[in-house]
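This briefing concerns a single protein chain, given as sequence and model. Please consult both while reading the points that follow.

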Amino acid sequence: MSFMKAHRLFQVSLLLAATLVLGGCGFHLRENATLPSRMQRVHLAVNGGGEFERHLARALQTSGATIEDAGGPGIAELRVPVAAFSTETLSAGGYVRITEYAVHYQVQFDVFDGAGQELVPRQRIDMSRNYSYDASNTVGNTSQVEEIQRSLNDDMVQAILFRLQAVGKHELAAPASAASTH
């Protein structure tokens, strides 16, 4: 057996072993969220729009929803009246220099189905991240805050999808529990 074939056999064996270990411990890739059936067509009404709205729209499309430009009959409406960042000073160093901040992100949303029925009542999600401020490196601090906000946006979109998925699972479970009472 040549060295190249032995090397290739070792790589394939290593890949197979890693796959078996990951599969054995229950690891699997994250699947797309299963949205409620009444959210196949969705209109987004996000206060302020921006990056959060684009991320939310992309995540909903990945989960199988069609994003509509306007609401109407048969089109669910996901409303986000509040999507706001704020900062808070956590600690101050010598000579009253601020050394730590917290970035807070609050989003409130609700969902109505295409018939105007409330599908998800008003929900409030709060997230925050702390970071240290280096007064000697002011250039990097702005980009650090932007990266924290980007990370919070991604986490917020996932949190909303998890809540929508929970509604979808509840929707699927309800007919089964009703059928078992007969």
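The notes below move from the chain as a whole to its helices, its aromatic residues and a strand pairing.

The model is predicted. The protein chain has a mean pLDDT of 85, with 88% of its residues at 70 or more. Residues 176-182 have pLDDT below 50, and in the model this stretch makes zero contacts beyond near neighbours in sequence. Where pLDDT is low, the predicted coordinates should not be read in detail.

**Overall architecture**

- The protein chain contains three helices and five strands, which follow the order α-β-α-β-β-β-β-α along the sequence.
- Of the 182 residues in the protein chain, 27% are buried.
- The exposed area of the protein chain is about 11600 Å², of which carbon and sulfur atoms supply 55%.
- Among contacts in the protein chain with a separation of 6 or more, 66% are between residues 24 or more positions apart.

**Helix 2**

- Helix 2 covers residues 50-62 and has 13 residues. From its first C-alpha to its last it reaches 19 Å, close to the 18 Å expected at 1.5 Å a residue.
- The buried residues in helix 2 include Phe52, His55, Leu56, Ala59 and Leu60; Ala57 in helix 2 is buried as well.
- An α-helix has 3.6 residues a turn, so residues three or four places apart point the same way.
- Gly64, located just after helix 2, takes a positive phi of about 105°.

**Helix 3 and Gln165**

- Gln165 lies in helix 3, which spans residues 138-180.
- Gln165 has a relative accessible area of 16% and is therefore buried, the cut-off being under 20%.
- Leaving aside residues up to four places away in sequence, Gln165 touches Ala33 and Thr34.

**Aromatic pairs**

- The count of aromatic pairs comes to three.
- The ring centres of Phe52 and Tyr105 are 6.2 Å apart and their planes stand at 90°, so this pair is edge-to-face. The pair links distant parts of the chain, since Phe52 is in helix 2 and Tyr105 is in strand 4 (residues 98-112), 53 residues apart.
- Phe52 and Tyr105 are both buried.
- The ring centres of Phe85 and Tyr105 are 4.0 Å apart and their planes stand at 5°, so this pair is stacked. Here too, distant parts of the chain are linked: Phe85 belongs to strand 3 (residues 76-92) and Tyr105 to strand 4, 20 residues apart.
- Tyr105 counts as buried because its relative accessibility is 2%, whereas Phe85, with a relative accessible area of 31%, is partly exposed.
- One aromatic cluster is formed by Phe52, Phe85 and Tyr105.

**Strands 4 and 5**

- Strand 4 and strand 5 (residues 118-132) run antiparallel and are joined by 12 bridges.
- His104 stands opposite Ser128, a residue of strand 5.
- The hairpin of strand 4 and strand 5 has five residues between the strands, and in this hairpin Gly116 takes a positive phi near 85°.

Conventions:
Residues numbered from 1 in each chain as written. Predicted model: local features only at pLDDT ≥ 70, side-chain atom pairs only at ≥ 80, totals over all residues. Heavy atoms only, no water. pLDDT = per-residue confidence, 0-100. Contact = heavy atoms within 4.5 Å. Helix = DSSP H or I, 4+ residues; strand = E, 2+ residues; numbered from the N terminus. Buried < 20%, exposed > 50% of the residue type's maximum accessible area, 1.4 Å probe, protein only. Expected span 1.5 Å × (residues − 1). Areas by Shrake-Rupley, 256 points an atom, 1.4 Å probe, with all protein chains shown as cover. Phe/Tyr/Trp six-rings, centres within 6.5 Å; stacked < 30°, edge-to-face > 60°. Pairing = 2+ DSSP bridges.
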